[in-house]
Amino acid sequence: MTDSLSVTVVGAGAIGSAVSFSLAHAGFAPKLVARGEAVAAIRRDGLRVDKWDGGGTARLEVTDNAAELGPQDLVIGTMKAQDWPAGLATLTPLIGPQTSLLPPINGIPWWYFDGQDGPLGGQPIAAVDPDGTLLAALPARSVIGSVVYMGVARVAPGVIRMTFAPRSGPN
């Protein structure tokens, strides 16, 4: 296991589960912040992924209380874009001065204009951050921009199905 980097994934939906599973199989020890039935299911049975190469089950630390984990080196927030403002209370205890935040979300993120020159520089994007709360709490300097392209579905709490194999070569 690669224990030198503390990594927490927030969200045990399809994307968060796939990322957590992949990190665990790459030798990391990710922690997972989940809610509802997912916490009990993953504690009891592990995180199961069904996929083209057989998949498997990953045993990992899961909690519904992010505050008990403290600041992390890397936080991967996999909530849907519209859930980020409400998810801020969950994210905040995980963020320290050296924490990197990786938000694999679709669309223009809250931090897009942060640090840019021009008329929109530093402005919040009203559709995802109407009052600038996300930008104030999670500035661009700590964000690792990303795009997600993944065929994955949550079929039950703690169980996901990956529906495509990686491709190589030109698209």
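Helices (DSSP runs of H or I, at least four residues) and strands (DSSP runs of E, at least two) are numbered from the N terminus. With that in hand, let's work through a few exercises. This is a predicted model, in which local features need pLDDT of at least 70 and side-chain atom pairs count only at pLDDT 80 or more, while totals for chains, interfaces and linings use all residues. Residues are numbered from 1 along each chain as its sequence is written, and side-chain values use heavy atoms, with hydrogens and water left out.

**Exercise 1. Helix 2 and its surroundings**

Find the buried residues of helix 2 and say which strands help to cover them.

Step 1. Helix 2 spans residues 37-45. Buried means under 20% relative accessible area, exposed means over 50%, and partly exposed lies in between (1.4 Å probe, protein chains only). In this helix, Ala38, Val39, Ala41 and Ile42 are buried.

Step 2. Now look for the cover, using contact in the sense of heavy atoms within 4.5 Å. The cover of these buried residues includes strand 2 (31-33), strand 3 (47-50), strand 5 (61-63) and strand 8 (152-156).

Step 3. Move on to the residue just after helix 2: Gly46 has a positive phi of about 85 degrees there.

**Exercise 2. Ala14 and Arg154**

Work out whether Ala14 is buried or exposed, and which residues it contacts.

Step 1. Ala14 is part of helix 1. Ala14 counts as buried because its relative accessible area is 17%.

Step 2. Apart from neighbours within four places in sequence, Ala14 is in contact with Val152, Ala153, Arg154 and Ile160. Arg161 lies 147 residues from Ala14 in sequence, yet their C-alpha atoms are 8.1 Å apart in space.

Step 3. Follow the contact to Arg154, which belongs to strand 8. Arg154 has 43% relative accessibility, so it counts as partly exposed. Its contacts, not counting residues up to four places away in sequence, are Ala12, Gly13, Ala14, Ala38, Val159 and Ile160. From Arg154 to Gly13 the separation is 141 residues in sequence and 6.1 Å in space, C-alpha to C-alpha.

**Exercise 3. Arg48 and Glu61**

Describe the place, accessibility and contacts of Arg48 and of Glu61.

Step 1. Arg48 sits in strand 3. Its relative accessibility is 38%, so Arg48 is partly exposed. Beyond its neighbours within four places in sequence, Arg48 contacts Gly56, Thr57, Gly158, Val159 and Ile160.

Step 2. Glu61 sits in strand 5. Its relative accessibility is 45%, so Glu61 is partly exposed. Setting aside residues up to four places away in sequence, Glu61 touches Pro30, Lys31, Leu32 and Leu69.

**Exercise 4. A buried serine in a loop**

Locate Ser142 and list the residues it touches.

Step 1. Ser142 is in the loop between helix 4 (133-137) and strand 8. It counts as buried because its relative accessible area is 19%.

Step 2. Not counting residues up to four places away in sequence, Ser142 touches Thr99, Ser100 and Leu101.

**Exercise 5. The largest pocket**

Describe the volume and lining of the largest pocket.

Step 1. On a 1 Å grid over the protein atoms alone, a pocket is an open set of points where a 1.4 Å probe fits, with protein on both sides within 12 Å along at least five of seven lines; lining residues have an atom within 4 Å of a point. The largest pocket has a volume of about 720 Å³.

Step 2. Its lining has 25 residues, and Gly11, Arg35, Thr78, Met79 and Lys80 lie nearest the centre. Helix 1 (14-25) and helix 3 (84-91) each supply at least two of the lining residues.

**Exercise 6. A charge and a ring**

Which ring does the charged end of Lys51 sit over?

Step 1. A charge sits over a ring if NZ of Lys or CZ of Arg is within 6 Å of the ring centre and within 35 degrees of the ring normal.

Step 2. The ring is that of Trp52, with the charged end of Lys51 5.0 Å from its centre.

Notes:
Points joined across faces, edges and corners; volume = space filled by probe spheres on them.
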